[in-house]
2 protein chains.
Amino acid sequence: MNSFRPPERTLMGPGPSDVSPRVLAALGQPTIGHLDPEFIRMMDQIKALLQYAFQTKNEMTLAVSAPGSAGMECCFVNLVEPGDTVIVAQNGAFGGRMKENVERCGATPIMVEHAWGKAIDPNKAEDALKANPDAKVLAFVQAETATGVLSDAAALTTLAKAHDCLTIVDSVTALGGSPLNVDEWGIDAIYSGTQKCLSCTPGLSPVSFSDAAVEVIKNRKSKVQSWFLDLNLVMGYWGEGAKRTYHHTAPINPLYALHESLLILKEEGLENAWARHTRNHLALRTGIEAMGLSLIVEEASRLPQMNAVSVPDGVDEAALRSELLRDFNLEIGAGLGALAGKIWRLGLMGHSSNPTNVLLCLGAMDTVLTSMGANIQSGVAVEKARAFYKSNG
Amino acid sequence: MNSFRPPERTLMGPGPSDVSPRVLAALGQPTIGHLDPEFIRMMDQIKALLQYAFQTKNEMTLAVSAPGSAGMECCFVNLVEPGDTVIVAQNGAFGGRMKENVERCGATPIMVEHAWGKAIDPNKAEDALKANPDAKVLAFVQAETATGVLSDAAALTTLAKAHDCLTIVDSVTALGGSPLNVDEWGIDAIYSGTQKCLSCTPGLSPVSFSDAAVEVIKNRKSKVQSWFLDLNLVMGYWGEGAKRTYHHTAPINPLYALHESLLILKEEGLENAWARHTRNHLALRTGIEAMGLSLIVEEASRLPQMNAVSVPDGVDEAALRSELLRDFNLEIGAGLGALAGKIWRLGLMGHSSNPTNVLLCLGAMDTVLTSMGANIQSGVAVEKARAFYKSNG
């Protein structure tokens, strides 16, 4: 067996996104101890950088030492106790995972179902809040990775507050790519991932909890069912200035990488990053539509970083992805669950959200679809996107 | 704020250990997708390499995408259900964490207490097995990181089998450093970490489950309380040849590093790695004893990779560690829990287990202790260790 040498891909799927050379270089730096004063100083900086990225002053802001799905679980197992009621507004794959989490906490999920590809309807959420006055938490996905739908987190959080309900918000795909303002919107618990618009290696989950959420966690009747994710214990480890109580060994090198990726975001500025994601999305959309293809999400709720494109009739969607990977080293995503086989998911996340990737992707799709005999408008997509960039400099 | 530049440390604490340049280089390679065929090929290789490291043919052998404490939790939440009885033989800090895990599963822990620093007594374990015929699991730590004690996993597993009991074994500090033979010893569930004798970055937890354990997991009455750690779901993702079902996004780059570190272990050969750990331990011990210091663990149950040294009377143990870090860039560990302030923990794990580190550590401790006016034999430790190496080439 030999050392593994990864191919050089361009990552335009639902994540991971392309990791910049700066972040890769940070990742490969020499490992130091997790209780080293220099490492603790860096953890404090990560906390401050995450507070910037989330737009929050929440003291309880940290990176869970595991992927986004553990970040989701961290929110649920800390806030939800057996017997609680949790309203889950579902509009895609990840709402289903929220339901699983609620049930595994011994609580009752009240599902507010939406069609996949539709934004969450605040009216439906409000009806559920009215019908379930004992509900403790309203949970929803701000940026649905399976479909590319953006929901109105501010409106939903405001409704929840009016009904004395906490909120758990999935922002895995939004953080760093779409507007997000944890404090202004009054979000109580939020989790994200590092491999989307932060363009860091997967494996960490930034989370943040409001003071109200922290009070609920401190005053639980039962112990958190997960020792690893128990914030009452993790707090002692990430608490600023506090004596660092050993909880678990932090993933040192991935945290170097997260620090660098957050620094890159800060250098660019959140608003600039959001604008860049929008601009590249619009260029991609221009090319996609020029080919005669369509985005499945209506314009008002499209996520710029996650573009779900309908597979044209008669086209083998998996064959297209294989050819893109083989001939262009380009990865795009397939549909999940109800949308498997029906859509492609084109990610423009973080470092991957740039004109070169947009033009590469359009050109490659145009070429392969044409060679497959698909019923598309050939040979125009790249030029239309170029024209968009020129007139939107 | 600037990019983080870690100092270049020598890591001789309880982990992380020094990560070799080969592994750091692997870590910093370009990120690819977690469903990329090349990545899946690498996952299959990791599985085979872990089977070698654990000495097992267990199909259910994989790396949990989170640190060792999540690996511990993975074993408990999958095998233990509410109402079960679990015998925990505790001889240090991590047995206490096992107890926490059992309780958080809604099960009853039967604690078999041992003094910290003592190996687990098979007779006491057998008494508990006899007294609790309904016990489902016997759990214990093979290599206690808090004290440096090796317990006889083969004997304990044999006893458990005789009482129709499954075993959960903590091998975080043993894997790659001390003899471990999962199949021959009949271990049912084992977890480890990457940052000890594998000398990889922290953040992953290799685990392996026997066919008997897998049957128990498949036939649970209740769902696993953790969605993230539910092996019924994770199985679909790591299963060889199987259609990879998306479960969570694997931590791509850390897995590159794990692949490389396991390959290094395979190239050296397990037996050679074990012998190297023993040789460097004996050299360190020679120097430690030449200074007039002593190891707290009796010779028969000393772990070569984790050496707990008594702090001499009147010495400020934290001051010594600070001076080693400041002047020698050398990290050693403090005592945990009951042993805080009373011991130093000198790790000789994986890439850190080499003569250069042994001589550096002895020389640095000799110098600093002498400058602190400690009552030690000064100026002989390094030469004694060198002599040991010369006569044990």
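**Close-up 1. Contact between the two domains of chain A.** In this predicted model, 23 residues of domain 1 of chain A are in contact (C-beta atoms, placed from the backbone, within 7 Å) with 23 residues of domain 2 of chain A. On the side of domain 1 of chain A that touches domain 2 of chain A there are 11 nonpolar residues, 11 polar ones and one charged, where Ala, Val, Leu, Ile, Met, Phe, Trp, Tyr, Cys and Pro count as nonpolar, Asp, Glu, Lys and Arg as charged, and the others, Gly among them, as polar. The domain assignment of chain A, which is automatic or from a database, gives domain 1 as 20-267 and domain 2 as 270-391, and the centres of these domains, taken over C-alpha atoms, are separated by 29 Å.

Residues are numbered from 1 along each chain as its sequence is written, while chains are lettered from A and ligands numbered from 1 in the order in which they are written. Local features need pLDDT of at least 70 and side-chain atom pairs count only at pLDDT 80 or more, whereas totals for chains, interfaces and linings use all residues.

**Close-up 2. Contact between chain B and chain A.** Chain B and chain A each give 62 residues to this contact. Among the elements giving two or more residues on the side of chain B is α10 (252-268) of chain B, a helix (a DSSP run of H or I, at least four residues, numbered from the N terminus), and α10(B) gives the most, with seven residues. This side of chain B has 28 nonpolar, 23 polar and 11 charged residues.
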